[in-house]
Amino acid sequence: MGWVFISSPGFILGQDGPPINSENSSVQIDFTQSPASNDQANVVSTSQGLMPLRQDVEGYYVSGIESIPLINSQPFMALTPVAHINNYHPGVVSILLRFSSDQVVWSNWQKVEKFHDDDPAQPAFIGNMIIADSTYNYFSYMIEFKQVPPTSPIASVSHLQFNFFSPGNVTPLTASTISGTTIAGMNSECGCDLPAFATRADWNCPDGNNPSCASPDYSQVSHQIVHHSAGINSSNNWAAVVLSIWDSHVNINGWCDIGYNWIIDPNGIIYEGRGGGNNVKGAHFCGKNTGTMGICMLGNFENATPSPEALASLNKLLTWKSCDANISPTGSSYHMSSSQTLMTISGHRDGCATVCPGGNLYPLLPSIRTQVKAQLDQCKNGSTHIDEDLIVSNFRVFPNPNQGTFQVYWESEQFQQGDIVVYNSLGQELHREIVQIYPGIYQKIIRLGNLPDGVYQLRMKTPNFDLNKKLIVDTH
Ligand SMILES: [Zn+2]
């Protein structure tokens, strides 16, 4: 079997702490170069890689014993498998792994799940990160080809890459050892505080509190997206898990920084994810990230249940951001980037093909929205609770589609001052005007000038409500 080690044990200087002895190393296997020779059934080696001899019966290939190429893993090892599979379809090809300390006693075979937050444009099959015991020295893998109709395009596995990571000397974090209280670009006038969080330096991000992306992108957040990690449900070092996610996102997925804006562990500790401060754009919503803030709850909530501590932290974070960005937590609005109307607090599955955030977390979202709204009403500066629907109703735009000039119409029961803002599909602000909203019926003509044909977002926003409409400019 043609395989090579790429080993880069590193001593990276931590931003604020001792040297971090994290380590990356990988085993790469090229099935196009050498024939398979291990335990197998109905699998053949070809110049395109391993493929089933006949598709109408199952096939499998079991590797020999491979050494784990880390010099010293602590406090555990994280493994992100990557497979290059031609004609991949979910379920047709599966990759399984098992581990051993001594080549005698082996762990159970563990199926590699697909990383659900990957970029759909990514051609390779990227596996969800696996956390394994630091005492393991060996692994082996199995490739299974499921039975499919003989006329299906033939799936073949050309390359496998097993990317190991040892987080190194990471101190587990508790509520008394985290140092984050504020981030750059926050709306400091909002009365709902950002809850205390672990800074990037606290969890030993190699770039410390600096952003890992050379030039981070920003967008006005209108939607908060809740994820789960679909990984382990217990750990005694969640900070090391967060660092491993950073490594997997940056070094395996090839993103410039960790995908999520925030991460929450089962003890309720909140971790700052992507660097760059408030409203930095992450990578977590099937490539439709403009206007979103991504929060990842650590755990697999297809089988476990989120802890009360984690849910309390999630509520606090959502309350802060709802206040900071003036988002109604129980409302819905048009999300330009995904071309869908979404609840302002949504699960990943609401916009992408995934079960995330899991069958035990997703059904909690309606009560989370209600709790966040109650908390927001309590802490928001100078605001008393007013039912939004009573303030402005019948918010309409016409004509729509239009040629860049249109009327907005609403009925209001109360005086408000606010803004009407128009954004393009990249979330960039194109037009803003202040509006005085008096009780009664109100109509206003807005002239945007010459805009390219396309879909825009119209937002009407006051301290008490936030309404969004899709605006279509069509000059033909
Ligand atoms: Zn997700």
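**Sheet, helix packing and local backbone features**

An open sheet of 5 strands, arranged in the order β17-β16-β18-β15-β21 with mixed pairing, is described here from a predicted model. Its edge strands are β17 (270-272) and β21, each of which pairs on one side only. Averaged over the sheet and with direction ignored, neighbouring strands are turned by 25 degrees against each other. Helix α2 packs on this sheet and touches β15, β16 (262-264), β17, β18 and β21. The direction of α2 makes about 170 degrees with that of β18. Helix α3, in turn, lies across β15 and β21 and runs at about 160 degrees to β21.

Strand β15 (residues 223-228) pairs with two strands of the sheet. With strand β18 (residues 292-297), β15 runs parallel and is joined by 6 bridges; within this pairing, C296 of β18 is the bridge partner of H227. With strand β21 (residues 345-347), β15 also runs parallel, the two being joined by 3 bridges; here Q224 has I345 of β21 as its bridge partner. In a regular strand, side chains alternate between the two faces of the sheet. In β15 both faces are covered, since H223, I225 and H227 on one side and Q224, V226 and H228 on the other are all buried. Because 6 of the 6 residues of β15 are buried, the strand is largely enclosed by the rest of the structure.

Two packed helices are described by the angle between their axes and the distance between the axes. For helix α2 (residues 308-324) and helix α3 (residues 365-379), the axes come within 9 Å and cross at roughly 55 degrees. This angle lies outside the range of 65 to 115 degrees that counts as roughly perpendicular and is not under 35 degrees, the limit for roughly parallel; α2 and α3 are therefore oblique to each other. The crossing in which α2 passes α3 is right-handed. On the α2 side, the contact involves L314, N315, L318, T319, S322 and C323, which meet I368, Q371, V372, Q375, L376 and C379 of α3. Classified by residue type, this contact has 7 nonpolar, 5 polar and no charged residues.

The loop between β14 (156-166) and β15 contains A214 as well as N204. A214 has 7 other C-beta atoms within 10 Å and is therefore exposed, the cut-off being 12 or fewer. In sequence, A214 and C256 are 42 residues apart, while in space their C-alpha atoms are 7.6 Å apart. N204, although not a glycine, has a positive phi of about 65 degrees. With 27 C-beta neighbours inside 10 Å, N204 counts as buried.

A positive phi, of about 40 degrees, is also found at C286, likewise not a glycine. C286 is placed in the loop between β17 and β18. Its 19 other C-beta atoms within 10 Å fall short of the 20 required for burial, so C286 is partly exposed.

Cis peptide bonds occur before two proline residues, P357 and P399. The bond joining C356 and P357 has an omega of about 10 degrees, and P357 is situated in the loop between β21 and α3. The bond from F398 to P399 has an omega near -5 degrees. P399 is found in the loop between β22 (392-398) and β23 (405-412).

How values were computed. Residues numbered from 1 in each chain as written. Predicted model: local features only at pLDDT ≥ 70, side-chain atom pairs only at ≥ 80, totals over all residues. Axes fitted to C-alpha atoms, helices over the stretch in contact; angles between N-to-C directions. Helix = DSSP H or I, 4+ residues; strand = E, 2+ residues; numbered from the N terminus. Parallel < 35°, antiparallel > 145°, perpendicular 65-115°, else oblique. Left-handed = near helix turned anticlockwise from the far one by under 90°. Contact = placed C-beta atoms within 7 Å. Nonpolar A, V, L, I, M, F, W, Y, C, P; charged D, E, K, R; others polar. Pairing = 2+ DSSP bridges.
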